[in-house]
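The following report describes the fold of one protein chain for a reader who has not met it before. The structure is shown first, and the description follows.

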Amino acid sequence: MASHHQFSAVKGAKVLMVGAGGIGCELLKTLALSGFQDIHIIDMDTIEVSNLNRQFLFRKSHVGLSKAKVARDAVLRFRPHVSITSYHANVKNQEFNVDFFKQFNVVLNGLDNLDARRHVNRLCLAADVPLVESGTTGFLGQVTVHVKGRTECYECQPKPAPKTYPVCTITSTPSKFVHCIVWAKDLLFAKLFGDKNQENDLNVRSSDSASSSNHAEDIFELYKDETIEQYGRRVFDHVFGYNIEVALSNDDTWKNRNKPRPIYSRDILPDEPTKQNGNSDKNCATDDQSSISAMTSLGMKNPQEIWSLMENSRIFIEAIKLFFTKREKDVGNLTFDKDDQLAVEFVTAAANIRAESFGIPMHSLFESKGIAGNIVHAVATTNAIIAGLIVIEAIKVLQNEANNYRMTYCLEHPSRKMLLMPVEPFEPNKSCYVCSETPLSLEINTHKAKLRDFVEKIVKAKLGMNFPLIMHGSALLYEVGDDLDEDMVANYAANLEKVLSEFPSPVVSGTILSVEDLQQELSCSINIKHRDEFDEEKEPDGMVLSGWHQTSLEKGDSSKTLGNGESTSTPSAMEADKNEDSDIVASGRKRKLDKAPSSAVDISSSANEANSLKKLEELDDNDDDDLVMLDDGDSAMNKKKRLQ
């Protein structure tokens, strides 16, 4: 039975929810049914058809409408006396500043991206408002509590960096199907149907030598004197035939690799135009551009079948024809969208043909869509469980029951007959630059790098600052804000193009730069160290930031994608240390227990559950069914004390 104190704490609380998607729908419902009377919701997204299978507050008639507003209206129908305020906006907007956050007793996150999570974490720290974080992916889930000065903040632990692949691997030496997908999606699709003027590595390859075509400089342009079928075959022959032959001419590349084989359309397809055995009228009749399908035109129905080389080639040509005949207005402005059927078909076919050329197993449309769209299929039940756990922790926070806070992990398989594993939270990480103000160190070539490089690659990309202010001593180098006059804006724009060592107060080895985000009320110091050379493959930014934690995902290439779109890892990358005195938590690191709580589950005897917990490194609310990439961890880093 809930106590009078609990009811009082809940009824008088003012709660901010950030995110009204998979977790958010469940959370809003649970808050309203639990007695919360004043709830505010922020979400910038609109409802999509793909949301309807699990975001139960939405219906088909709501597609295209604001998630926050529709969720509010849906809950008010069965809890009309609750005060629910919705904001169809980005939580990073300036209106949601520290003063805005200070009005709330607790903030509950149901977000789907790292950048927004970091932003909310910093505002909660600045406003001194407790934060309850959450995330799900498939059957896995997590809820964590972050209280300033009491527990670690959201950024105290490393987070997985987005998976990246070296350009040379993608363009020249793919060894995995995902490499072919990245090539087809980010290079070929973008070149054919996106901005033609935007340079990418395909453009370089198409113009650096004579092509089998007389129009090498315009290889991706449709000529006036050719049919779309001829154009499709010309592109096919260039990227799968000629470019492969060019690559084969470099013998050194293939000394320790299997050589690819060039594939030309004449060897796969008949001379006459692609025959349509399907019902092309369906494509003509639809007003929904995203539902136009090459499979429908060719009479192919099963997305889980692996197409033959000929079928992939036919889909490739047919998709190009449909883009230029049925969606001609879109060509030149398209970006890949996993919900665009024709785009997925084209990318699948292109990736499979390239995979066949390089001796890589081909995949079905269903599998390819999962890889290209970074999909891990969401489970509504997991969202409901996590939403319930969020409310439990929120009530503890409102009652100031610090000794009872728990980070709780939802497992895919039972451990000791339990699916939920509660873990005591940890003290703040003393080396965290966000909540402990620890100085950072940056190695950079101060004689070549410009201030723009520092701002874009470090301040924004790595430190996640939106409105940065950069100072060298008393000299203000750069500032962003709506209140700047034109002369100041022009001055700071000019500063961006200056080499660091050429400022009036030169930025060289030993310089300490102060970087601050006024919106987040976050500041940090960065010690500059000059370095002449960097490894282009391992250090592509041309600079290295130390003291900033973000886990690289390249080690051992530990993640792979299954046919169902879920993410897994190789046993070697996921191997856990079975130390009886250790507790393996979401970051995959061993942390010494002062005394294990009686409610905690001992998972040290279960390697499978250790693996599952490591998958919880960085879970999202799967509004877009995001792919969770995994890291093998470093058990020597950042061991922390339990809260006393």
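Helix α16 (residues 380-398) lies across five strands, namely β4, β5, β6 (140-146), β7 (407-415) and β8. Helix α16 runs at about 15 degrees to β6. Helices (H or I, at least four residues) and strands (E, at least two) are DSSP runs, numbered from the N terminus. Axes are lines fitted to C-alpha atoms, for helices over the stretch in contact, and angles run from 0 to 180 degrees between N-to-C directions. This is a predicted model, in which local features need pLDDT of at least 70 and side-chain atom pairs count only at pLDDT 80 or more, while totals for chains, interfaces and linings use all residues. Residues are numbered from 1 along each chain as its sequence is written, and side-chain values use heavy atoms, with hydrogens and water left out.

A second helix, α5 (residues 114-127), lies across β1 (14-18), β4 (106-109) and β5 (131-137). Its direction makes an angle of about 165 degrees with β5.

**The eight-stranded sheet**

Eight strands form an open sheet with mixed pairing, in the order β3-β2-β1-β4-β5-β6-β7-β8. The edges are held by β3 (83-87) and β8 (418-423); each has a single partner strand, so one side of each is left without a neighbour in the sheet. On average, neighbouring strands of this sheet are turned by 20 degrees against each other, direction ignored. Two strands count as paired if DSSP finds at least two bridges between them.

**Further strand pairs**

Strand β13 (residues 522-530) pairs with β9 (residues 440-444) in the parallel sense and runs antiparallel to β12 (residues 512-517). The table sets these pairings beside that of β2 and β3.

| Strand pair | Sense | Bridges |
|---|---|---|
| β2 (38-42) and β3 | parallel | five bridges |
| β9 (440-444) and β13 (522-530) | parallel | five bridges |
| β12 (512-517) and β13 | antiparallel | six bridges |

Individual partners can be named for these pairs. D38 has S83 of β3 as its bridge partner, L442 stands opposite I528 in β13, and S514 is matched with S525 in β13. The hairpin of β12 and β13 has four residues between the strands, and E521 there takes a positive phi near 50 degrees.

**Nonpolar cores**

A nonpolar core is a set of buried Ala, Val, Leu, Ile, Met, Phe, Trp, Tyr and Cys residues joined through side-chain atoms within 4.5 Å. Buried means under 20% relative accessible area, exposed over 50%, and partly exposed in between (1.4 Å probe, protein chains only). The largest core has 58 residues, of which L188, F193, F316, F323 and F346 touch the most other members. At least two residues of this core come from each of α7 (177-193), α9 (228-248), α12 (294-298), α13 (309-326), α14 (341-357) and α15 (365-372). Helix α7 supplies the largest share, 11 residues. Apart from this core lies another, of 42 residues, among them L27, V106, L389 and Y405.

Leaving out residues up to four places away in sequence, F316 touches L188, G232, V235, F236, F240, F346, A349, A350 and I353. Contact here means heavy atoms within 4.5 Å.

**Helix α18**

Helix α18 (residues 486-496) has Y492, N495 and L496 as its buried residues. Seen down the helix axis, they fall within an arc of 105 degrees, so they line one face of α18; the arc is that of the directions from the helix axis to the C-beta atoms. These buried residues pack against α17 (451-460) and β11 (475-479). The face turned away from the buried side carries the exposed residues E486 and D487. At the start of α18, a side-chain oxygen of D485 reaches to within 3.2 Å of the backbone nitrogen of D487.

**Two loop residues**

N445 is placed in the loop between β9 and α17 and is buried, with a relative accessible area of 7%. Its side chain reaches the backbone nitrogen of H447 at 3.0 Å. Not counting residues up to four places away in sequence, N445 touches H530, R531, D532, F534 and G542.

K196 lies in the loop between α7 and α8 (201-207) and counts as partly exposed, at 24% relative accessibility. Beyond its neighbours within four places in sequence, K196 is in contact with K191, F220, E221 and V331. The C-alpha atoms of K196 and F220 are separated by 8.4 Å, although the two residues are 24 apart along the chain.

**The chain as a whole**

The secondary structure comes to 19 helices and 18 strands. Of the 644 residues in the chain, 54% are buried.

Notes: A polar contact is a pair of N or O atoms within 3.5 Å; within protein, one must be able to donate a hydrogen and the other to accept it, and residues adjacent in sequence count only if both atoms are side-chain atoms.
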